Amino acid sequence: MNALTGTGHLVRLVLRRDRVRLPLWVGGLTGLTVVSAAAVQDLYSTPVEIAAYRATVQDSASGRLLNGVPYAVDTVAGITAYEVTSIAGLVVALMVTFTVVRHTRGEEETGTAELLRSTVTGRHAGTAAALLVAIGAAFLAGALDAAVLWAIGLPGAGSLLHGAALAGVGLVFTASAAAAAQLTSSARGALGVAGAVLALLFVVRGVGAVRDDWLVWLSPFGWQDATRPYGDRLWWPLLLVVALTAVVAGGAAWLTAHRDFGSGLVPPRAGRARATAALGTPVGLAWRVQRGLFLGWAVGLTLFAALFGSLGREVVTLIESNPEMADVMGLSLDDVVRSYFAYVIPFLGVLASAYAVASALRLRSEELGGRAEAVLATGTSRLAWALGGVAVTVLGTLAMVVLMGVALSTSHLLLSGEDALFGRLVGATVQQAAPVLLVASTAFLAHGWFPHRALLAWAVFAFALLEAYLGELLSMPAWLADLSPFRHPAGVPVEPFTPWPLLVIGALAAAAVAVGLAGLRRRDLSSA
Amino acid sequence: MNAIEIEQVVKTFGAVRALDGFDLTVGTGEVHGFLGPNGSGKSTTMRVLLGLLRIDSGRVRMLGGDPWSQAAELHRRLAYVPGDVTLWPSLTGGEVIDLLSRMRGGLDERRRAELLERFELDPTKKARAYSKGNRQKVALVAALASRVELYLFDEPTSGLDPLMEAEFQRAVGDLRADGATVLLSSHILAEVEALCDRVSIIRAGVNALSGTLADLRHLTRTTVLAETARPADGLTGVHGVHHLQQHDGRVTFEVDSDRIGDAVAHLAGLGLTSLQAHPPTLEELFLQQYGERLEP
């Protein structure tokens, strides 16, 4: 018996439990890669089109922020890589993070790991099984990525390297999630830590790409780009991947061996013996349950917004370094800055809708976790209980967009010294509350009728994200793209503000919530 | 007026008929034991009474109202303790007690303090750090600290140690003295025997039996051991006698409780030298009911 005894059994258990999830992740990612790569082949088939693409992306701050440094974009293969690499890396990183936390800290928190540990299993077997499955899924995603790129007609050696670099991103974040799972005593906390690390590393790569400096080397996403699969084909950045993975996974193993089962690094502290006056109403309870969620997202999204705002100045710098391009495109500097903001602000809105969906789905987890039953056995009606959750989601969203708008406008003001746009940038960000709440309202709607299927609301978010990130590349038909509510508010500061889209979107959201609440009042309460 | 009236209630989950024409009546001021094997429909009944589940057919009245459509109003007048308490991991026990009591419409401060002491519960611990028994105590204190008319307890003492179990029995005794109604689902027969005025046994979603413990005993058989001077062969002919065994002048048999007089009269005629009779223990009673071993 050693520390890894029983890993084989646990691997089979993990695979059994994830037999739907993992194929969905890997299959979804592969499908997305096929569709976007095929679109690139269509869009950039002539030298003129390729040259035009190159001229645009070289100096696009928003492009660099999201996709990194463009390499070899004078070939269709290079363009393909530039368009598919970042989002594939993000999806793989999220896939391994969710998988690892679910099967390590998640199991420990619910107590199922205790049963398993009482059988003939070693101390590290549980973590090892989760890591093996996550790494296996990342390699499978990498292999399929290489295969489809090659099948679509890109060079074989480059495609192989592209797939390997993608698997490499999975490797690093598998280890990082395993380490995060040792730090906190709750799965939600572990996801928060791992997610924050992921977002930070993505942003570091983006900022490094915009400034074209060494910052990109601090991020695994930067290493993924640095392999330049359809340019210089460098394999050595993958050595960094392996080294960092080994160090972080070793750290996670050390932490596992040096902590008590079920505990995190932070010892539990005593809390209040009495509840504050605010706790005792449905709204007070919902706020208390979601406080950590709101604060975590508020910090992250405020930083993101400040970062996006600060890049307004970089847009100017990029254009100044290449005045001919601005001439060719017939744009003034002011136009470029405005269209940059009109592009990134709805993107911030999409990110905020992830918070809103997570917040709305807390009603579901309260119900399925059995905690709603305790509340509903008191004098609190179902409607009051659910409205408490709705109120916190709505107020949280409003606070979130105000924070983001102020952060974005302030950082733009401080760095560019340009105050003409301040008010309009705040307004443009705040009006995102309407589409954000429409996305969240689908969670309330689904929860009201089908609590077990309410996670489908994440699909609405995923669609909005896909449309914002890849909508143009995929040449989505207009009717499909227009399903994303983020396309409808006025494109301030390029277009003038108009309230009508917000009123329509807001009315739709209110109607969806009302229908959801009607369903909730009619159905049986679920448990587990 | 009765506190709870359930008539011919049917509740299905897909193909499963969890309650299949179930009846239950609990009088006001009564402590009513609710017994049945695992999965027989006890928790479903509790959840119907709480308005968490909607019945397919039948009629339910609780405290004079409809538990589904008037849930929130009725809940101000009742308190509930489930058998498997789940709490908010980041809230302390003290916060949960305050939260639930306030949402019910207020708590008795003196009772809260007294109950925390009686149940030896530390209210400053986070719920995720409590053991099962301690989570159970949080729910018990939250329920008992409210002065309400009706208490619904669904296996409330699972996970409690014997001292705490005794505290719970004392607390229910106090509730009874105050005139409250209690519906107590339990597998701990000593608890039921000590506390309950009447009991109901549910089996496969049907009320198998309701009555006082004395009534139930009366419905079942008494075990008799006797020694007689002459062989007791003739007993087989006495109505209501079952499982007769004879050995060396000693006879053992079971007799329907309402026929015991006939059997003893017959034994007396045979030169009775020694007689022991004991009513069925509660365990025997339940085993007969749960296992369908009672012959017609």
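Select B:G51 to begin: in this predicted model, the residue sits just after helix α1 of chain B and takes a positive phi of about 75°. Stepping back along the chain brings you into α1(B) itself, which runs over residues 42-49 and is mostly covered, with seven of its eight residues buried. To see which ones, select B:K42, B:T44, B:T45, B:M46, B:R47, B:V48 and B:L49, the buried residues of this helix.

Now widen the selection to the whole of chain B, whose secondary structure comes to 10 helices and 13 strands. The C-alpha trace of chain B spans about 75 × 45 × 35 Å along its principal axes, and buried residues make up 51% of the 296 residues in the chain. With the surface displayed, you are looking at an accessible area of about 12500 Å² for chain B, of which 51% belongs to carbon and sulfur atoms. Among the contacts in chain B that link residues at least 6 apart in sequence, 67% join residues at least 24 apart.

For a single residue in chain B, select B:L150, which lies in strand β6, residues 150-154. Is B:L150 buried or exposed? B:L150 counts as buried because its relative accessibility is 0%. Showing its surroundings, and setting aside residues up to four places away in sequence, you will find that B:L150 touches B:I4, B:M62, B:L63, B:R77, B:L78, B:A79 and B:T181. A distance drawn from B:L150 to B:V26 joins C-alpha atoms separated by 10 Å, although the two residues are 124 apart along the chain.

Move next to chain A and select A:Y53, which has its place in helix α3, residues 47-58. With a relative accessible area of 6%, A:Y53 is buried. Leaving aside neighbours within four places in sequence, A:Y53 is in contact with A:Y44, A:V73, A:I79, A:Y82 and A:E83. One of these partners, A:V73, is 20 residues away along the chain, and its C-alpha atom is separated from that of A:Y53 by 7.8 Å.

The last stops are built around helix α9 of chain A, residues 156-183, which should be shown together with helix α10 of chain A, residues 187-211. These two helices pack at an angle of about 140°, with their axes 8 Å apart, so α9(A) is oblique to α10(A). In this pairing α9(A) passes α10(A) in a right-handed crossing. On the α9(A) side, select A:F173, A:S176, A:A177, A:A180, A:A181 and A:L183, which meet A:A190, A:V193, A:A194, A:V197, A:L198 and A:L201 in α10(A). By class, that contact has 11 nonpolar residues, one polar residue and no charged residues.

Keep α9(A) on screen and add helix α12 of chain A, residues 237-257: here the axes come within 8 Å and cross at roughly 20°, which means that α9(A) is roughly parallel to α12(A). The crossing of α9(A) and α12(A) is left-handed. From α9(A), the contact is made by A:L161, A:A164, A:A165, A:G168, A:L171, A:V172, A:A175, A:S176, A:A178, A:A179, A:Q182 and A:L183, while α12(A) contributes A:L238, A:V241, A:L244, A:T245, A:V248, A:A249, A:A252, A:L255 and A:T256. Coloured by class, the residues of this contact divide into 16 nonpolar, five polar and no charged. To finish, select A:S176 and A:L183, since these α9(A) residues are listed both in the contact with α10(A) and in the contact with α12(A).

How values were computed:
Residues are numbered from 1 along each chain as its sequence is written. Chains are lettered from A and ligands numbered from 1 in the order in which they are written. This is a predicted model: local features need pLDDT of at least 70, side-chain atom pairs count only at pLDDT 80 or more; totals for chains, interfaces and linings use all residues. Side-chain values use heavy atoms; hydrogens and water are left out. Axes are lines fitted to C-alpha atoms, for helices over the stretch in contact, and angles run from 0 to 180 degrees between N-to-C directions. Helices (H or I, at least four residues) and strands (E, at least two) are DSSP runs, numbered from the N terminus. Angles under 35 degrees count as roughly parallel, over 145 as roughly antiparallel, 65 to 115 as roughly perpendicular and the rest as oblique. A crossing is left-handed if the near helix is turned anticlockwise from the far one by less than a right angle, and right-handed if clockwise. Contact means heavy atoms within 4.5 Å. Ala, Val, Leu, Ile, Met, Phe, Trp, Tyr, Cys and Pro count as nonpolar, Asp, Glu, Lys and Arg as charged, and the others, Gly among them, as polar. Buried means under 20% relative accessible area, exposed over 50%, partly exposed in between (1.4 Å probe, protein chains only). Accessible areas come from the Shrake-Rupley method with a 1.4 Å probe; for residues, only the protein chains shown count as cover.
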